[in-house]
Amino acid sequence: MRREWLRAIRAVTDPLRRRILLMVSRAIVRVVDDSGGLQVVQVTALAGEVLDGVTRVQVYGLTSHPHSEAEGVLVCVGGTRSHGLLVTVDDRRYRPRGLAAGEVCLYTDEGDRIHLRRGRIIAVTAGAKVQVTAPEVEVVADTKVALTSPLVEVSGNLTVGGTAAVAGALSAAAVTAGGIGLATHKHGGVQTGAGQTGVPVP
């Protein structure tokens, strides 16, 4: 009688138990479809289990396209494996290590980073270029703006509101204005004596 009673209880509870066990599991990303409003991925979860059409839920304002073999957490609503949601993805191959407590880092597999460091420092690392496109870009610095580069180019007009100082020697050969070189330009209509030259002509 007791065994029959236990079998009856298990017949009722085992399906519920299986559903609970299948609600959350570790998943490996295999294929990513980034063409729709929400990403759809194919993942492998349990041994030999391949799930297609899994919706990846991301944080608003931040999106990414993970590589194959990235790892995630799979949540199946009601324990139904046909209704899977990938709620988070990480990739141990590329995640920066050694961050201090409280630091945040946005990164890619190529090594580019935006690192919010302790001491209220934001460090940007790019392997090729940092590009900013906007109708107007404003930089406000209370102390100074320092540029360390072998070359600084300005394609348009340059306005300096204060004084301009050159620390160190400035070669006349390097100074040009309107295409006229300071060291190489010539003036026409020159007369000896107290006469003055005209405006430089390129």
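These are my notebook entries on one predicted protein model.

**Entry 1: confidence**

I started with how far the prediction can be trusted. The mean pLDDT of the protein chain is 87. I noted that 82% of the residues reach 70 or more. Then I looked at the individual elements. Strand β7, residues 113-117, has the highest mean pLDDT, at 98. Strand β9, residues 176-177, has the lowest, at 67.

**Entry 2: overall make-up**

I counted elements next. The protein chain has 1 helix and 10 strands. In sequence order I read α-β-β-β-β-β-β-β-β-β-β, with the helix leading.

I then looked up burial. Of the 202 residues in the protein chain, 15% are buried. The exposed area of the chain comes to about 16700 Å². Carbon and sulfur atoms supply 56% of that area. For contacts between residues at least 6 apart in sequence, I found that 33% join residues at least 24 apart.

**Entry 3: the barrel**

I traced the first group of paired strands. Five strands close into a barrel, in the order β1-β2-β3-β5-β4. Their pairing is mixed. From one strand to the next, the twist averages 50 degrees.

I went through two of the pairings around β4. Strand β1 (residues 24-33) and strand β4 (residues 71-76) run antiparallel and are joined by 5 bridges. Val-24 stands opposite Val-75 in β4. Ala-27 has Gly-72 in β4 as its bridge partner. The pairing of β4 with strand β5 (residues 84-90) is also antiparallel, over 6 bridges. There, Glu-71 has Asp-90 in β5 as its bridge partner.

**Entry 4: the nonpolar core**

Which residues make up the largest nonpolar core? I listed 11 in all: Ala-27, Val-29, Val-32, Val-41, Val-43, Leu-51, Val-54, Ala-70, Leu-74, Cys-76 and Leu-86. Strands β1, β2 (39-44), β3 (50-56) and β4 each supply at least two of them. The largest share, 3 residues, comes from β1. Ala-27 thus turns up twice in my notes, as a core member and as the partner of Gly-72.

I picked Val-41 from this core for a closer look. Leaving out residues up to four places away in sequence, Val-41 touches Val-31, Val-32, Leu-51, Asp-52, Gly-53, Val-54, Arg-56 and Leu-86. Val-32, Leu-51, Val-54 and Leu-86 are among the core members too.

**Entry 5: the open sheet**

I moved on to a second group of strands. Three strands form an open sheet in the order β6-β7-β8, with antiparallel pairing. Strands β6 (104-107) and β8 (121-125) stand at the edges. Each has a single partner strand, so one side of each is left without a neighbour in the sheet. Neighbouring strands here are turned by 10 degrees against each other on average, direction ignored. I counted 5 bridges between β7 and β8.

**Entry 6: His-115**

Is His-115 buried or exposed? His-115 is buried, because its relative accessible area is 16% and the cut-off for buried is under 20%. This histidine is found in strand β7. His-115 stands opposite Ala-123 in β8. I then listed what His-115 touches, not counting residues up to four places away in sequence: Leu-99, Glu-103, Val-104, Cys-105, Ile-121, Ile-122 and Ala-123. So Ala-123 is both a contact of His-115 and the residue opposite it.

**Entry 7: two positive phi values**

I checked the backbone last. Most residues other than glycine have a negative phi. I noted two residues with a positive value.

Glu-69 has phi near 85 degrees. Where is Glu-69 placed? I found Glu-69 in the loop between β3 and β4. Glu-69 is partly exposed, with a relative accessible area of 40%.

Arg-120 has a phi of about 60 degrees, again positive in a residue that is not a glycine. Its place is in the loop between β7 and β8. Arg-120 counts as exposed because its relative accessibility is 86%, and exposed starts over 50%.

Note on methods. Residues are numbered from 1 along each chain as its sequence is written. This is a predicted model: local features need pLDDT of at least 70, side-chain atom pairs count only at pLDDT 80 or more; totals for chains, interfaces and linings use all residues. Side-chain values use heavy atoms; hydrogens and water are left out. pLDDT is the predictor's confidence in each residue, from 0 to 100. Helices (H or I, at least four residues) and strands (E, at least two) are DSSP runs, numbered from the N terminus. Buried means under 20% relative accessible area, exposed over 50%, partly exposed in between (1.4 Å probe, protein chains only). Contact means heavy atoms within 4.5 Å. Accessible areas come from the Shrake-Rupley method with a 1.4 Å probe; for residues, only the protein chains shown count as cover. Two strands pair if DSSP finds at least two bridges between them. Axes are lines fitted to C-alpha atoms, for helices over the stretch in contact, and angles run from 0 to 180 degrees between N-to-C directions. A nonpolar core is a set of buried Ala, Val, Leu, Ile, Met, Phe, Trp, Tyr and Cys residues joined through side-chain atoms within 4.5 Å.
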